[in-house]
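Let's walk through this model one piece at a time. Keep the viewer open and follow along.

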Amino acid sequence: MSGSAYQDDRGNKDRSITKAGSPGSATGARRKGTAVPAPGGPFLIGENMTGGYGKGPNILENCTIAVDEGEIAVIVGPNGAGKSTAMKAVFGMLDLREGSVRLDGEDITSLSPQDRVAKGMGFVPQTSNIFTSLTVEENLEMGAFIRRDDFRDTMEQIYDLFPILREKRRQAAGELSGGQRQQVAVGRALMTKPKVLMLDEPTAGVSPIVMDELFDRIIEVARTGIPILMVEQNARQALEIADKGYVLVQGANAYSGSGKELLADPEVRKSFLGG
Ligand SMILES: Nc1ncnc2c1ncn2[C@@H]1O[C@H](COP(=O)(O)OP(=O)(O)O)[C@@H](O)[C@H]1O
Ligand SMILES: [Mg+2]
């Protein structure tokens, strides 16, 4: 009966999780690179990216990361896997030897980071993501550097999202706690009213409670209609809020699937989520 066949198709054995290099047919999973994109493709995609720093060796090997409208996509993987490098590549801070980056269907592979910001990309890098000697408010103003219009409303929205920043707006950002600094960094990126937000380890170095709060705020940002592509070392917690996840190993896609699928995958659990 077609009903039971459908059930079988949806059963445990047929997760849509993708393990790179494995033949897809055995479990119904698709091999990487063979996924059929939605009409128009993902909102932001770095596709089959290969490249490294300067004339150095390839750090990324045919790496693909993407986020769709309305989604939170999370990239996890061991230290040195190339997660930050992949984010930099999508943002235009790394010359690709192969592959491309598309935003809302447009090929932006050759654009500078500044031009990508003008196209609607917001990026919070892993390090040096705030001006420590400037006040919180000055940091937000710096974030609005490309805007010619009145950005007071945006600033108020950011203060509504992160009330502690309103309270501390006259304080030097360097005096804030780790979690508060990350709020400044995210707020700064939001000042350009981005169409997509990229975050590299937004919860690095904060306590579990602050991590939960930051994740809540990130979910809130996503609900305002800004898709989020984020790297996280708190893999388990991040995958819990992820629509889509990628495990990167040695610059390549090792696993990808929905957050739920990756959390349930025994191999992913054993190797990347601490069992
Ligand atoms: N600016 C750089 N110049 C040269 N090599 C770099 C640079 N940044 C990172 N790398 C190298 O690229 C590899 C991946 O680093 P990275 O992308 O930071 O990994 P992750 O973010 O997953 O921890 C590492 O081997 C690292 O040493
Ligand atoms: Mg990194």
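Helix 7 covers residues 178–190, helices here being DSSP runs of H or I with at least four residues, and strands runs of E with at least two, both numbered from the N terminus. How far apart should its ends be, at 1.5 Å a residue? The expected span is 1.5 Å times one less than the number of residues, so the 13 residues of helix 7 should cover 18 Å, and the end C-alpha atoms sit 19 Å apart, which agrees.

A word on the ground rules: this is a predicted model, with local features needing pLDDT of at least 70 and side-chain atom pairs counting only at pLDDT 80 or more, while totals for chains, interfaces and linings use all residues. Residues are numbered from 1 along each chain as its sequence is written, and chains are lettered from A and ligands numbered from 1 in the order in which they are written.

Back to helix 7: is it enclosed or not? Call a residue buried if 20 or more other C-beta atoms lie within 10 Å of its own, exposed if 12 or fewer, and partly exposed in between, with C-beta atoms placed from the backbone. By that count 11 of the 13 residues of helix 7 are buried, so the rest of the structure largely encloses it. The buried run includes Gln 180, Arg 181 and Leu 190. Among the elements covering these residues are strand 7 (121–124), helix 5 (152–161) and helix 8 (208–223).

Now for a sheet. Four strands make an open, antiparallel one in the order 3-2-5-6; two strands pair if DSSP finds at least two bridges between them. Strand 3 (60–67) and strand 6 (106–107) are at the edges with a single partner strand each, so one side of each has no neighbour in the sheet. Strand 2 (residues 44–51) has six of its eight residues buried, so it is largely enclosed by the rest of the structure. Five bridges tie strand 2 to strand 3, with Met 49 opposite Cys 63. Strand 2 also pairs with strand 5 over five bridges, where Leu 44 faces Leu 103. Strand 5 (residues 98–103) then joins strand 6 over two bridges, and Arg 102 stands opposite Asp 107 there.

Finally, zoom out. The protein has 11 helices and 11 strands, and buried residues make up 41% of its 275 residues.

Technical notes
Two residues are in contact if their C-beta atoms, placed from the backbone, lie within 7 Å.
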